[in-house]
Amino acid sequence: MMLELLFNAANLFVLPFWALMIFLPNWGMTRRVMQSYLPFVALAGLYVYLFASNLTTTSAQDFASTQLADIARLFSNEAIAATGWVHYLVMDLFVGRWIYWEGQRTGVWTVHSLALCLFAGPMGLLSHLVTSWLWRGKSTETAPSEAATASPDSTQVGSST
């Protein structure tokens with residue numbers, strides 16, 4: 001029961017951060033909230049708690065294994081699966097935050113990459129890297145006077161203020 005509560009709370013905890021980055025990227029409150037490391041401290045603290053409370057001799061051996069069968073057995077345990085999921089939540093949010101700040105810094109459009117990162121972190125990261133690469137190619141074609149006057153706020157496509 002407690003494990004399920006912690007799992008559900010962690011899932012709900014990250015949603016406001018994702019919503020701010022995706023739907024209100026240029027809002028001052030979003031910038032203030034996303035400057036903080038506190039969400040990561042909270043999630044990492046939960047991860048450490050779950051990890052430490054579920055570490056046994058057998059699970060430690062499975063964690064140290066490079067064999068797929070051992071890893072599969074390890075994650076068949078509900079508590080270990082919840083621990084792994086919290087790991088995904090904190091790391092995906094951290095990568096999403098990096099994508100968000102890169103978009104704010106460079107003016108690269110990030111909504112699609114953030115949405116992908118929410119559901120499949122590495123795909124969102126790859127999407128942002130490709131988008132940034134394409135955006136840089138586009139910006140080298142821009143006249144120097146245009147590039148000098150462009151700001152991240154004015155070039156952020158699909159953003160809200």
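## An all-helical predicted model: surface patch, pocket and salt bridges

Phe23 has a relative accessible area of 57% and is therefore classed as exposed, a value that, like the others in this report, was computed from a predicted model. The place of this residue in the fold is helix α1, which covers residues 2-23. Phe23 also belongs to a nonpolar patch on the surface, which it forms with Leu24, Trp27 and Met29, and the accessible area of these four residues together is about 390 Å².

The setting for these details is a protein with ten helices and zero strands, so that reading along the sequence gives the pattern α-α-α-α-α-α-α-α-α-α, in which an element counts as a helix when it is a DSSP run of H or I with at least four residues. Of the 161 residues in the protein, 34% are buried.

**The second largest pocket**

Helix α1 also takes part in the second largest pocket, where it supplies at least two residues of the lining, as do α6 (78-106) and α7 (111-119). The space in this pocket comes to about 210 Å³. The residues that line it are Asn11, Val14, Leu15, Trp18, Trp85, Tyr88, Leu89, Asp92, Leu118, Phe119, Ala120 and Gly121. Sorted by class, the lining consists of nine nonpolar residues, two polar residues and one charged residue. Asp92 is the charged member, because Asp, Glu, Lys and Arg are the residues counted as charged and Asp92 is the one of these in the lining.

**Salt bridges**

The structure holds three salt bridges, which are set out below with the distance between nitrogen and oxygen for each pair.

| Pair | N to O distance | Location |
|---|---|---|
| Asp62 and Arg73 | 2.8 Å | helix α4 and helix α5 |
| Arg73 and Asp70 | 2.8 Å | helix α5 |
| Arg105 and Glu102 | 2.7 Å | helix α6 |

The salt bridge between Asp62 and Arg73, whose closest N and O atoms are 2.8 Å apart, links distant parts of the chain, since Asp62 lies in helix α4 (residues 57-64) and Arg73 in helix α5 (residues 68-75), eleven residues apart. Arg73 also meets Asp70 in a salt bridge, and here both residues lie within helix α5, three residues apart, which is about one turn of the helix. Asp62, Asp70 and Arg73 are in this way linked in a network of salt bridges.

How are the members of this network placed with respect to the surface, buried or exposed or partly exposed? Asp62 counts as buried because its relative accessibility is 5%, under the 20% cut-off, and Asp70 is likewise buried, with a relative accessible area of 18%. Arg73, with a relative accessible area of 45%, is partly exposed, because this value falls between the 20% and 50% limits.

The remaining pair, Arg105 and Glu102, meets in a salt bridge with an N to O distance of 2.7 Å, and both residues lie in helix α6, three residues apart, or about one turn of the helix. Glu102 counts as buried because its relative accessibility of 19% is under 20%, whereas Arg105, at 56% relative accessibility, counts as exposed because this value is over 50%.

Terms used
Residues are numbered from 1 along each chain as its sequence is written. This is a predicted model: local features need pLDDT of at least 70, side-chain atom pairs count only at pLDDT 80 or more; totals for chains, interfaces and linings use all residues. Side-chain values use heavy atoms; hydrogens and water are left out. Patches are made of residues with over 30% relative accessible area and no salt bridge: like charges are joined within 9 Å, nonpolar side chains (Val, Leu, Ile, Met, Phe, Trp, Tyr) within 5 Å. Accessible areas come from the Shrake-Rupley method with a 1.4 Å probe; for residues, only the protein chains shown count as cover. A salt bridge is a side-chain nitrogen of Lys or Arg within 4 Å of a carboxyl oxygen of Asp or Glu. Buried means under 20% relative accessible area, exposed over 50%, partly exposed in between (1.4 Å probe, protein chains only). On a 1 Å grid over the protein atoms alone, a cavity is a set of points where a 1.4 Å probe fits but cannot get out, and a pocket is an open set with protein on both sides within 12 Å along at least five of seven lines; lining residues have an atom within 4 Å of a point. Grid points are joined across faces, edges and corners, and a volume is the space filled by probe spheres set on the points.
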